Amino acid sequence: MPDPRRFPEECPVTSTGLPESLITTLPGSSYTDPEIFAQEQEHIFEAMWFCAVRSADLARSGVFRTVQVGRESILVTRARDNSVRAFFNVCRHRGAKLCTAEAGEVKRAFQCPYHAWTYDLTGKLVAAPNLTKMPDVGRTEYGLAAVATHEWLGYVWVCLAENPPPFDEVVRDVVARLGDTKSIERYGIEDLDLGRRIVYDVKANWKLIVENFMECYHCATIHPELTEVLPEFADGYAAQYYVGHGAEFGSEVKGFTVDGSEGLDRIPGVTEDQDRRYYAITVRPQVFVNLVPDHVVFHRMYPVAADRTIVECDWLFHKHVVESGKDVSRSVELFDRVNRQDFDACERCQPAMSSRLYAKGGVLVPSEHHIGAFHAFVQERLDAGRPR
Ligand code: FES
Ligand SMILES: [Fe+2]
């Protein structure tokens, strides 16, 4: 277990200089320095499993999405045998970006718009001007460079590392939070349908967003609707503070909606223990999962700069809720408001990260101390990537 009280070497503040109740955050530069961000891209987002695309968004073979993973553009698609494939979105000829659209569909192949090298859905080079006159050019060797994929919870996770770590690393975060994997499996996330998707362009460092999600010290101040539904959040202890704990709905609350009114049909696998409770899980490095009895709110972050993060948020409901066209807006509105309140707070902090006053960082109060483990995780990844 990482020690949450381990401080980055760069940060001259030590625990001995602080009152017992406080531990330090990362220094301000950690949230602003493009060099540190580049190291995070290399040693975190390009080295770990990264949740890239919702599987159902690749509805047929040839449907594709392009996503930024660390410093790379990754093309994710479905081959004719229905398997998911991911490639570096880079033409093997002279390096043109193969697909510039964020999403689209091709029939059978991707054709580079520059000199028309053409790759099938498995990445193999299948055509190019004068290719038959170059019999020594290997179709696989000069095909698109593949990236490892793994489908879990209805999402395609990719890993750019040459030797990807076991996928268990991802699952471990869920177990650490919920105590087991069965608890999340009961929601059958892969069988839910998309009720709404909202994409947020947040002008803040990705770590501010993770830290915010991990604590509820701010809940009473900025989340009036959420604390109405989950009264225990007003005390400042986040659902993530205790292993296995889900915050209970208020006794008058009928559902996880913006006004506490009735929600939608309960997800069939959800147990009595899990009913009327909210569970939040941080899956490092860039996913948040929120579980309530009738829907799942699934956040994916795409960090694009030290001070900018795109967050794609999906509201997932039981299939027949979506198919029957039931009104999901009161459910969506609750977490949409929470998101906007949180992202506003993160954007409020971002400019101050470069203030001289924050050079040594800020402090975490006891209900935020578990965020120290996240800081240790970031620091360890960067330390491990540094040449010795
Ligand atoms: S760069 Fe793609 S075909 Fe030349
Ligand atoms: Fe919040």
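Q: How many bridges join strand β5 to strand β10?
A: This is a predicted model, so let's start with one strand pair in it. Strand β5 covers residues 84-88 and strand β10 covers residues 146-152. The two run antiparallel, and the number of bridges joining them is two.

Q: Which residue stands opposite F87 in β10?
A: We can stay with the antiparallel β5 and β10 for this one. Across from F87, on the β10 side, stands A146.

Q: What is the order of the strands in the open sheet of seven strands?
A: The pairing in this sheet is antiparallel. Its edge strands are β2 and β6 (103-105), and each of them pairs on one side only. Neighbouring strands are turned by 30° against each other on average, with direction ignored. Reading across the sheet, the order is β2-β11-β10-β5-β4-β3-β6.

Q: How many of the five residues of strand β2 are buried?
A: Strand β2 spans residues 50-54 and is an edge strand of its sheet. Even so, β2 is mostly covered. The count of buried residues is five of five.

Q: Which residue in β11 does F50 stand opposite?
A: β2 pairs with strand β11 (residues 155-159) in the antiparallel sense, over four bridges. Opposite F50, in β11, stands V158.

Q: What share of residues 49-158 is strand?
A: UniProt, in an unreviewed entry, lists this span as "domain: Rieske". The C-alpha atoms at its two ends lie 6 Å apart. Helix makes up 0% of the span, while strand makes up 43%.

Q: Which strands stand at the edges of the sheet β7-β8-β9?
A: Three strands form this open sheet, with antiparallel pairing. An edge strand here has a single partner strand, so one side of it is left without a neighbour in the sheet. Neighbouring strands are turned by 35° against each other on average, direction ignored. The strands at the edges are β7 (109-111) and β9 (125-127).

Q: What is the bridge partner of Y119 in β9?
A: Strand β8 (residues 118-120) pairs with β9 in the antiparallel sense, over two bridges. For Y119, the partner in β9 is L125.

Q: Is A116 buried, exposed or partly exposed?
A: A116 sits in the loop between β7 and β8. Its phi is positive, about 70°, although A116 is not a glycine. Buried would take 20 or more other C-beta atoms within 10 Å, and exposed 12 or fewer. A116 has 13, so it counts as partly exposed.

Q: Is R276 buried or exposed?
A: R276 also has a positive phi without being a glycine, at about 55°. You'll find R276 in the loop between β13 (247-248) and β14. With 20 C-beta neighbours inside 10 Å, R276 counts as buried.

Q: What kind of peptide bond joins R284 and P285?
A: Most peptide bonds are trans. P285 is in the loop between β14 (277-283) and β15 (287-292). Omega for the bond from R284 to P285 is about 5°, and the bond is cis.

Q: At what angle do helix α1 and helix α9 pack?
A: Helix α1 covers residues 34-45 and helix α9 covers residues 371-385, with axes 9 Å apart. An angle from 65 to 115 degrees counts as roughly perpendicular, and that is how α1 lies to α9. The angle itself is about 90°.

Q: Which residues of α9 make the contact with α1?
A: On the α1 side, the contact uses Q39, E40, E42, H43 and I44. The contact residues divide into three nonpolar, three polar and three charged. On the α9 side they are R381, L382, A384 and G385.

Q: How many of the nine residues of helix α4 are buried?
A: Helix α4 covers residues 206-214 and is largely enclosed by the rest of the structure. The buried residues are W206, K207, L208, I209, V210, E211, N212 and F213. That makes the count eight of the nine.

Q: What separates the C-alpha atoms of D307 and Q350?
A: D307 is in the loop between β16 (295-305) and β17 (308-317). With 21 C-beta neighbours inside 10 Å, D307 counts as buried, and leaving aside residues up to four places away in sequence, D307 touches T32, K203, A204, N205 and Q350. D307 and Q350 are 43 residues apart along the chain, and their C-alpha atoms are separated by 7.0 Å.

Definitions and conventions. Residues are numbered from 1 along each chain as its sequence is written. Chains are lettered from A and ligands numbered from 1 in the order in which they are written. This is a predicted model: local features need pLDDT of at least 70, side-chain atom pairs count only at pLDDT 80 or more; totals for chains, interfaces and linings use all residues. Two strands pair if DSSP finds at least two bridges between them. Axes are lines fitted to C-alpha atoms, for helices over the stretch in contact, and angles run from 0 to 180 degrees between N-to-C directions. Angles under 35 degrees count as roughly parallel, over 145 as roughly antiparallel, 65 to 115 as roughly perpendicular and the rest as oblique. Two residues are in contact if their C-beta atoms, placed from the backbone, lie within 7 Å. Ala, Val, Leu, Ile, Met, Phe, Trp, Tyr, Cys and Pro count as nonpolar, Asp, Glu, Lys and Arg as charged, and the others, Gly among them, as polar. UniProt positions are given in the numbering used here, feature names are shortened, and annotations may be inferred rather than shown by experiment.
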